[in-house]
Amino acid sequence: MRNLREKHSDLPKKLTPKARREAETKLRTDGRHCPTCLQRLASLSGKSQTANRCAACGAHRAAGKRCATCHEESVWEGKTSAACQSCGAHGSKLRVVAGALER
Ligand SMILES: [Zn+2]
Ligand SMILES: [Zn+2]
């Protein structure tokens with residue numbers, strides 16, 4: 001059995017799959033957690049701005065790329081996966097980044 005809980009330490013332990021998905025979406029879109037790995041982002045000192053890079057997984061806000069689901073320019077890109085900070089969509093870059101599937 002693989003223990004995936006360590007990566008999601010911000011979540012309560014006992015959740016139904018649906019509740020877990022909703023809790024994860026909340027974390028992804030709250031601006032204080034990395035949308036791709038759900039680790040808490042280091043806040044920028046002195047400003048209320050949200051961080052745009054995750055120290056844990058190396059994901060960063062992909063400027064100029066749009067979410068395939070909500071078309072907001074709030075996509076974060078990691079090495080292999082991507083996630084949208086606006087609607088909480090996540091998965092492979094092909095699924096999340098608008099236009100990546102074309103061609
Ligand atoms: Zn991350
Ligand atoms: Zn989106």
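Q: Helices (H or I, at least four residues) and strands (E, at least two) are DSSP runs, numbered from the N terminus. Where, in these terms, is the place of His-71?
A: In this predicted model, His-71 lies in the loop that connects β1 with β2.

Q: Is His-71 buried or exposed, and what makes the label apply?
A: A residue is exposed if 12 or fewer other C-beta atoms lie within 10 Å of its own. His-71 has 12 C-beta neighbours inside 10 Å and therefore counts as exposed.

Q: What is notable about phi of His-71?
A: The angle is near 65 degrees, which is a positive value in a residue other than glycine.

Q: Phi of which other residue is positive, near 70 degrees, in a residue other than glycine?
A: Leu-38 has such a phi. Leu-38 is placed in the loop between α1 (17–29) and β1.

Q: Why is Leu-38 called buried?
A: The label requires 20 or more other C-beta atoms within 10 Å. Leu-38 has 21 of them within 10 Å, so the residue is buried.

Q: How many helices and strands does the protein chain have, and in what pattern?
A: There are two helices and four strands. Along the sequence they follow the pattern α-β-β-β-β-α.

Q: How do you know how the span of α1 stands against the value expected at 1.5 Å a residue?
A: The expected span is 1.5 Å times one less than the number of residues. For the 13 residues of α1 this gives 18 Å, and the helix reaches 18 Å from its first C-alpha to its last, close to expectation.

Q: Which residues of α1 are buried?
A: They are Glu-24, Leu-27 and Arg-28.

Q: What makes it correct to say that the buried residues of α1 line one face of the helix?
A: Viewed down the helix axis, the buried residues of α1 fall within an arc of 100 degrees, so they line one face. An α-helix has 3.6 residues a turn, so residues three or four places apart point the same way. The elements covering the buried residues of α1 include β3 and β4. The face turned away from that buried side carries the exposed residues Lys-18 and Ala-19.

Q: What phi does Gly-31 take just after α1?
A: Gly-31 takes a positive phi of about 80 degrees.

Q: What is the order of the four strands in the open sheet?
A: The order is β1-β2-β3-β4, and the pairing is antiparallel.

Q: Why are β1 (60–61) and β4 (90–92) said to stand at the edges of the sheet?
A: Each has a single partner strand, so one side of each is left without a neighbour in the sheet.

Q: How do you know that β2 and β3 pair?
A: Pairing requires at least two bridges. Three bridges link β2 and β3 in the antiparallel sense, so the requirement in the definition is met. The bridge partner of Glu-77 is Ala-82 in β3. The two strands form a hairpin, with three residues between them.

Q: How many bridges join β3 to β4?
A: Three bridges join these strands, which run antiparallel. Ser-81 has Ser-92 in β4 as its bridge partner, and Ala-83 stands opposite His-90 in β4. β3 and β4 also form a hairpin, here with five residues between them, and Gly-88 in the turn has a positive phi of about 90 degrees.

Q: Which residues of the largest nonpolar core touch the most other members?
A: Of its 15 residues, Cys-67, Val-75, Ala-82, Ala-83, Cys-84 and Val-96 do so. β2 (75–77) and β3 (81–84) each supply at least two residues of this core, and β3 gives the most, with three.

Q: With which residues is Cys-67 in contact, leaving aside its neighbours within four places in sequence?
A: Its contacts include Glu-72, Ser-74, Val-75, Cys-84, Val-96 and Ala-98.

Q: Why does Val-97 count as buried or exposed?
A: Buried status requires 20 or more other C-beta atoms within 10 Å. Val-97 has 20 C-beta neighbours inside 10 Å and therefore counts as buried. Val-97 is placed in the segment after α2 (93–96). Residues up to four places away in sequence aside, Val-97 touches Lys-65, Ala-68, Val-75 and Ala-82.

Q: What share of the 103 residues in the protein chain do buried residues make up?
A: Buried residues make up 25% of the chain.

How values were computed
Residues are numbered from 1 along each chain as its sequence is written. Chains are lettered from A and ligands numbered from 1 in the order in which they are written. This is a predicted model: local features need pLDDT of at least 70, side-chain atom pairs count only at pLDDT 80 or more; totals for chains, interfaces and linings use all residues. A nonpolar core is a set of buried Ala, Val, Leu, Ile, Met, Phe, Trp, Tyr and Cys residues joined through C-beta atoms within 7 Å. Two residues are in contact if their C-beta atoms, placed from the backbone, lie within 7 Å. The arc is that of the directions from the helix axis to the C-beta atoms.
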